[in-house]
Amino acid sequence: MKLIIAIIQPSKLEEVKEELYRQEVNLITVSEVMGHGRQKGITEIYRGAKETGNLLRKIRLEIAVNEDFLEPTIKAIVKGAKTGETGDGKIFVLDLKECIRIRTEERGGVAIG
Amino acid sequence: MINSGDTAWVLISSALVLLMTPGLAFFYGGMVRKKNILSVLMQCFIIMCVLSLQWVLFGYSLSFAPNQGFWGGFNWVGLKNVGFTPYPDYAATIPHQAFMIFQAMFAIITPALIIGAFAERMKFSAFLLFTLLWATFVYDPLCHWVWGMGGWLRNLGALDFAGGTVVHINAGIAALVTALILGKRVNLDKNVPTPHNMPFVVLGTGLLWFGWFGFNAGSALAANGLAVNAFVVTNTAAAAAGLSWAFVEWIHNGKPTIFGVCSGAVAGLVAITPAAGFVSVIPAIIIGLLVSVFSFIAVTVIKPKLGYDDSLDAFGVHCVGGIWGALATGLFASKLVNPAGADGLFFGNPKQLIIQAAAVLVTIGYTFIVTLVIYKLVDLLIGVRVKKEEELIGLDLTQHHERAYTVLE
């Protein structure tokens, strides 16, 4: 089992979701986060006071998958989120030790999907 | 002789001017960081409470009771002798108490304007004491000099229709003084605090613009042609200034902003305030177009250069706009608009400009010194600034034990 954490552009969330549904990945957690990597933000100006290097709005996805879903999920995220510009985001893949469905208390791979 | 139309208009205008203070609360509240919005709303609302009482108890008497001296004196304390028959020297066709309550709203909003300078770092207890002392020892005497019977600036012939000197220059200078001696907010160099809720700024601007019709057109103290003139030039100057600020930004920064349009509209409303009962519509456009240029320079060039932290630009908008408005009155005033007024420079009377400039300088000098003294006194008694940790946590939690926005639910 793997846990995929992806940081993407807010404007790309809809496309990423569509690609994931196409791969039949239906279980995702989405949060709004702040951060930046190499991308410089859009300069904000308030009454002439310039505000650069600000943290940018990003979307963070968390998706737990069984091994056979790993590559299709990664491909779906890349397909939906990629523009080729800096700031497209990152995908992190972590080993997932355990997964428990609270309703049935099932454990492991069966509990993920 | 009481005129019911005049009385109705002044009562409605009083309500309109009262609404400006909550409007200002949102105008300022949107500009601060979200950890401080309640402190700003609280300061505005508590001023409505404190100064409403101060005014009926002794503020109105100190400001308006006829007297040649420093103050209006104590004859009208507790509204003694202030009844329902007109007091013709101020307003011949409305009950005296209607004039009193209209003026109360001005006494409320003026100290509220100063909040913009010390937002996000002043202790609430110190703010309360400062405000009460400032209203009593700065606003009330100045109000008497300019508007009260026996006031020496009034006798000098200074024109201030609705409060350019008394309200805006006065509050603006007090703002500068407090910003200078209170010092900058923590971490300001590393991080420019960005307004946390721009829609609140827009909402507040809308309420201010709406309320300002009471402020200026109500200052005619009658439902007549003069009130209509004030109404028309007020709207015109605000429109010209909002547009002008947007274009200055467009040229200077590449993009126009809603914050800029709001700032410009308020600056325009400030600038037309002293002139509203003395100028016609074309001068109003000129006053509006230019005030945004002056205020823009004040907040984007002069402020960073001098390095004072007037958090929300109370000085840059109100004092700069107020000075321009007071001087513009000396340029554009015309007896064709108001026979009880005077002609300005462009209508053949250069002396009026000098009188206007004198009134501006007196206001600046008096307010600067007395505000400084009051600030030092309050600092000595209870300390003005919050502790550094309190400032970092935010005033909502540390001064009031509440927060504006929850994270969960």
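In this predicted model, helix α1 (residues 4–29) and helix α3 (residues 96–118) of chain B pack with their axes 9 Å apart, at an angle of about 15°. With angles under 35 degrees counting as roughly parallel, α1(B) and α3(B) are therefore roughly parallel to each other. Their crossing is left-handed. On the α1(B) side, the residues making the contact include B:Thr7, B:Val10, B:Leu11, B:Val17 and B:Tyr28. On the α3(B) side, B:Ala98, B:Ile101, B:Phe102, B:Met105 and B:Gly116 are among the residues taking part. Sorted by class, this helix-to-helix contact has 17 nonpolar and five polar residues, with no charged ones.

Another helix of chain B, α9, covers residues 258–272. At 1.5 Å a residue, its 15 residues should span 21 Å, and the end C-alpha atoms are indeed 21 Å apart, so the expected and computed spans agree. As for its surroundings, 14 of the 15 residues of α9(B) are buried, so this helix is largely enclosed by the rest of the structure.

The next point to look at is where the two chains meet. Here, seven residues of chain A are in contact with 10 residues of chain B. On the chain A side, the elements giving two or more residues are β3 (44–46) and β4 (49–51). Strand β3(A) provides the largest share of that side, with three residues. By class, the side of chain A that touches chain B has three nonpolar, one polar and three charged residues. Charged residues thus appear on this side of chain A, whereas the contact of α1(B) with α3(B) has none.

Technical notes:
Residues are numbered from 1 along each chain as its sequence is written. Chains are lettered from A and ligands numbered from 1 in the order in which they are written. This is a predicted model: local features need pLDDT of at least 70, side-chain atom pairs count only at pLDDT 80 or more; totals for chains, interfaces and linings use all residues. Helices (H or I, at least four residues) and strands (E, at least two) are DSSP runs, numbered from the N terminus. The expected span of a helix is 1.5 Å times one less than its number of residues. A residue is buried if 20 or more other C-beta atoms lie within 10 Å of its own, exposed if 12 or fewer, and partly exposed in between; C-beta atoms are placed from the backbone. Axes are lines fitted to C-alpha atoms, for helices over the stretch in contact, and angles run from 0 to 180 degrees between N-to-C directions. Angles under 35 degrees count as roughly parallel, over 145 as roughly antiparallel, 65 to 115 as roughly perpendicular and the rest as oblique. A crossing is left-handed if the near helix is turned anticlockwise from the far one by less than a right angle, and right-handed if clockwise. Two residues are in contact if their C-beta atoms, placed from the backbone, lie within 7 Å. Ala, Val, Leu, Ile, Met, Phe, Trp, Tyr, Cys and Pro count as nonpolar, Asp, Glu, Lys and Arg as charged, and the others, Gly among them, as polar.
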